[in-house]
Amino acid sequence: VRHCETAETAIVICGHRHRLQGVGRLVAAFGAWSSPDRTAIILSTVSARRVERRRPRAMSPRADVMEQLPYILAGIVLMTLQPVLVTLSQNAQGHLDYSPISSTLLTESAKIGISLVMLCSSKAPVSVSGAEMLQYAVPAFIYFVNNNLVFVILGHVDATTFQLLSQLKTVFTGILFRVFLSRHLSIFQYLAIVQLACGTATSQIPLCSGPAQVEGRSSALGVLLSVLSCLLSAFGGIYSEKLLKDKPKDSIHWQNIQLYSWGIAFNLLGVAVQKGSNPLGSGFFGGLRGWAWAVILNNALNGLAISAILKYADNIARVYAHACAMLVTMVLSIFLFAQTPSAQLLVAIAMVSASAVQYNLRQPEPVSAAASAYHNVPSGEEGRE
């Protein structure tokens with residue numbers, strides 16, 4: 001305004017320079033609507049747009065999604081294969097011939113081996129800190145309990161129900177995000193959580209008539225263990241995401257090595273505690289055949305994929321990947337295990353899928369006061385009144 005004769009001229013110059021829409025309407029109404037406060041609002045709106053044009057462009061949301069997409073897709077495929085491979089590795093009686101502890105130890109060893117190879121290939125700098133390494137013991141212990149719990153759960157529920165109940169991770173993740181990380185959730189996300197809980201409950205509605213329950217299987221026990229597993233998984237995921245993102249310049253391979261080293265330590269401790277009950281069964285490698293080795297390799301790659309999702313995306317992307325894996329698992333179970341999905345299961349899958357999409361929808365950003373004033377400038381006779 002100081003460099004122009006009138007404020008109206010300043011608006012014309014800025015409007016011509018940046019080709020703002022509606023400048024003619026503003027100029028026409030300015031004479032009957034002018035006041036110091038309103039002039040400041042209009043000019044601040046124009047100035048804000050001018051500064052925004054000169055500001056360097058940040059990475060677009062589409063670019064972020066394209067960067068995260070490979071890790072999310074890998075997680076979907078590997079999480080889909082996990083319950084299917086465990087089921088295929090069972091014997092005719094539905095039990096495992098190999099020790100879950102042996103499988104977990106070999107899985108953690110495979111993770112460290114792959115991470116070491118990747119770390120040496122990347123030649124990334126490594127900083128060793130005793131206090132930092134102790135922090136990785138917390139999620140490692142949680143994963144130790146949860147990884148062994150999966151084998152027990154799959155002995156009481158089928159693969160599709162396991163994936164469906166796993167969507168409770170979203171509920172616990174949202175709650176723990178709010179409690180521990182002070183993450184804000186919109187009303188739509190809260191509604192998505194409620195819808196998710198209803199979907200998982202729908203899957204447990206019994207059929208009016210159906211086959212008798214397999215001896216040795218307890219659906220109620222499987223549901224309770226699945227809820228516990230989801231709670232542990234959500235807390236471990238939140239803690240791991242915090243550790244991975246607190247030092248973004250650290251190599252993810254070095255961070256994985258620290259985490260999985262504790263995993264091996266806890267599993268060896270578990271073997272020592274259960275030594276009297278022969279936890280390894282017929283030996284460390286006893287019962288490990290084709291499908292069992294496939295389970296070990298898949299679990300190792302799945303753990304690495306989840307770490308990448310937590311570091312480069314977030315826990316919401318992780319649970320959304322679980323939702324996609326649930327749908328694919330249902331299709332695979334129909335062809336591999338001759339399972340017929342019930343009406344309750346189909347409704348539950350639809351509700352869980354809709355909930356996952358709604359939870360991840362981006363909400364519109366609030367309009368600033370200056371922009372609101374710009375769009376609400378009166379024109380014509382209304383401005384003169």
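This report describes the nonpolar cores, selected buried and exposed residues, and cysteines of the structure shown above. The model is predicted.

**Nonpolar cores**

The largest nonpolar core is made up of 21 residues, and L164, I349 and Y359 have the most contacts inside it. Five helices each contribute at least two residues to this core: α9 (168–180), α10, α11 (219–246), α14 (315–336) and α15 (343–360). A second core, separate from this one, holds 16 residues, among them V86, V150, L154 and L225. In soluble globular proteins, nonpolar side chains tend to be buried together.

The surroundings of I349 can be described residue by residue. When residues up to four places away in sequence are not counted, I349 touches L164, M326, L327 and M330. One of these partners, L164, is itself listed with I349 among the residues with the most contacts inside the largest core.

**Helix α12**

Helix α12 covers residues 252–273 and contains Q258; F266 is also found in helix α12. Q258 is in contact with E132, M133 and Y136, leaving aside neighbours within four places in sequence. On the same basis, F266 is in contact with A137, A140, F141 and F144. The C-alpha atoms of F266 and Y143 are separated by 9.8 Å, although the two residues are 123 residues apart along the chain.

**A nonpolar patch on the surface**

Not every nonpolar residue discussed here is buried: I187 is exposed. I187 lies in helix α10, which spans residues 187–202. Together with F188, Y190 and L191, I187 forms a nonpolar patch on the surface, and the accessible area of these four residues together is about 390 Å².

**Accessibility of selected residues**

The table lists relative accessible areas for individual residues.

| Residue | Relative accessible area | Class |
|---|---|---|
| I187 | 54% | exposed |
| C198 | 39% | partly exposed |
| F266 | 16% | buried |
| C230 | 2% | buried |
| Q258 | 1% | buried |

F266 counts as buried because its relative accessibility of 16% falls under the 20% limit. I187 is classed as exposed because its value of 54% is over 50%. C198, at 39%, counts as partly exposed because this value lies in between.

**Cysteines**

A disulfide is a covalent bond between the sulfur atoms of two cysteines. The structure holds zero disulfides. Among its cysteines, C230 is buried, with a relative accessible area of 2%, whereas C198 is partly exposed.

Notes:
Residues numbered from 1 in each chain as written. Predicted model: local features only at pLDDT ≥ 70, side-chain atom pairs only at ≥ 80, totals over all residues. Heavy atoms only, no water. Patch = residues over 30% accessible without salt bridge, like charges linked within 9 Å, V, L, I, M, F, W, Y side chains within 5 Å. Areas by Shrake-Rupley, 256 points an atom, 1.4 Å probe, with all protein chains shown as cover. Salt bridge = Lys/Arg side-chain N within 4 Å of Asp/Glu carboxyl O. Helix = DSSP H or I, 4+ residues; strand = E, 2+ residues; numbered from the N terminus. Buried < 20%, exposed > 50% of the residue type's maximum accessible area, 1.4 Å probe, protein only. Contact = heavy atoms within 4.5 Å. Disulfide = S-S within 2.5 Å. Core = buried A, V, L, I, M, F, W, Y, C linked by side-chain atoms within 4.5 Å.
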